[in-house]
Amino acid sequence: MPGERKREEEAYDDLPLMERIIQPIVAEFTGSFLLAYVCAMSVTSSFLLPISVAQGFATGALCVAFVNISGGHFNPCTTLSVWLSGGMPLLPALLYLPAQFLGAIFGALFVRASLVTSSYNDLNGGANMFRGNRMINSYNEYQLENTWETTPVLGLITNVIVSIAIFLCYLQCNVDNRRDQKIPLAYGFAITAATIATYVTSGGGFNPVVSLCTGMLAGYFDDMYIYIVAPLCGCLIAAGLFRTMLGDNEKRFIGK
């Protein structure tokens, strides 16, 4: 019941240090590590559906596994949106960020260890790539497949819009107190839908640490700003909508 959810939040400060800080940090590190690895390795398939399903279902499964420990964010933009929406204290939010970054770095390192050099280079380490940009140096068939005419600015706008949907989905399903229970799997469904909708144009990519860490290890930074700025803008807009209009009575600022 919603009342039970509220009591759980009020009891947060009474939790032991292990459950309040240490376990959540370990969960975010572990989830970010596994998610970065799966997302990068998924692009070894050149087909849209397997890539989208792998990335979305991995997010959903990991969120289900860790939602009662850390919230199952694995994404600094998710953490920011939850904190702005009144869903968590500032201290764990700040501690999640380095854990997510380090986890994604280790995930990207294991991708590098899992592929021979030629394949790793062909895939740019699984980094997000703006596929609609025909100015890219398409030196292999993988990069030439499923490319549409668009521009980086349009790709940025596209990713902002779908990012709003992703983070609103997380907030309404896992932070809003009016639900009897959390629905972490919806987070993964949102990622799947967003990836299907955008992969062949903007290249998908709604997790800045995964995009940055996979690109950093592969030395691939083309249009990287799309995969950092878009989810950041999307999470801010989603948190703003939740706080002003869509959140529960306790967290909403307007119309209480």
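**Close-up views of H8, H11, Arg243 and Ser81**

**View 1. Helices H8 and H11 are oblique to each other.** The angle between them is about 40°, and angles count as oblique when they are not under 35 degrees (roughly parallel), over 145 (roughly antiparallel) or 65 to 115 (roughly perpendicular). This is a predicted model, in which local features need pLDDT of at least 70 and side-chain atom pairs pLDDT 80 or more, while totals for chains, interfaces and linings use all residues. Residues are numbered from 1 along each chain as its sequence is written, and side-chain values use heavy atoms, without hydrogens and water. H8 covers residues 152–174, and its axis lies 7 Å from that of H11. The contact of H8 with H11 involves 21 nonpolar, five polar and no charged residues.

**View 2. Arg243 sits in helix H11, residues 224–246.** Arg243 counts as buried because its relative accessibility is 19%; buried means under 20% relative accessible area, with a 1.4 Å probe and protein chains only. Its side chain reaches the backbone oxygen of Lys251 at 2.9 Å. Leaving out residues up to four places away in sequence, Arg243 touches Leu84, Ser85, Gly86, Lys251, Arg252, Phe253 and Ile254, where contact means heavy atoms within 4.5 Å. Arg243 and Leu84 are 159 residues apart in sequence, yet their C-alpha atoms are 7.9 Å apart.

**View 3. Ser81 lies in helix H4, residues 76–84.** With a relative accessible area of 0%, Ser81 is buried. The backbone oxygen of Thr78 is reached by the Ser81 side chain at 2.8 Å. Beyond neighbours within four places in sequence, Ser81 is in contact with Phe167, Leu171, Cys235 and Ala239.

Notes:
Helices (H or I, at least four residues) and strands (E, at least two) are DSSP runs, numbered from the N terminus. Buried means under 20% relative accessible area, exposed over 50%, partly exposed in between (1.4 Å probe, protein chains only). A polar contact is a pair of N or O atoms within 3.5 Å; within protein, one must be able to donate a hydrogen and the other to accept it, and residues adjacent in sequence count only if both atoms are side-chain atoms. Axes are lines fitted to C-alpha atoms, for helices over the stretch in contact, and angles run from 0 to 180 degrees between N-to-C directions. Ala, Val, Leu, Ile, Met, Phe, Trp, Tyr, Cys and Pro count as nonpolar, Asp, Glu, Lys and Arg as charged, and the others, Gly among them, as polar.
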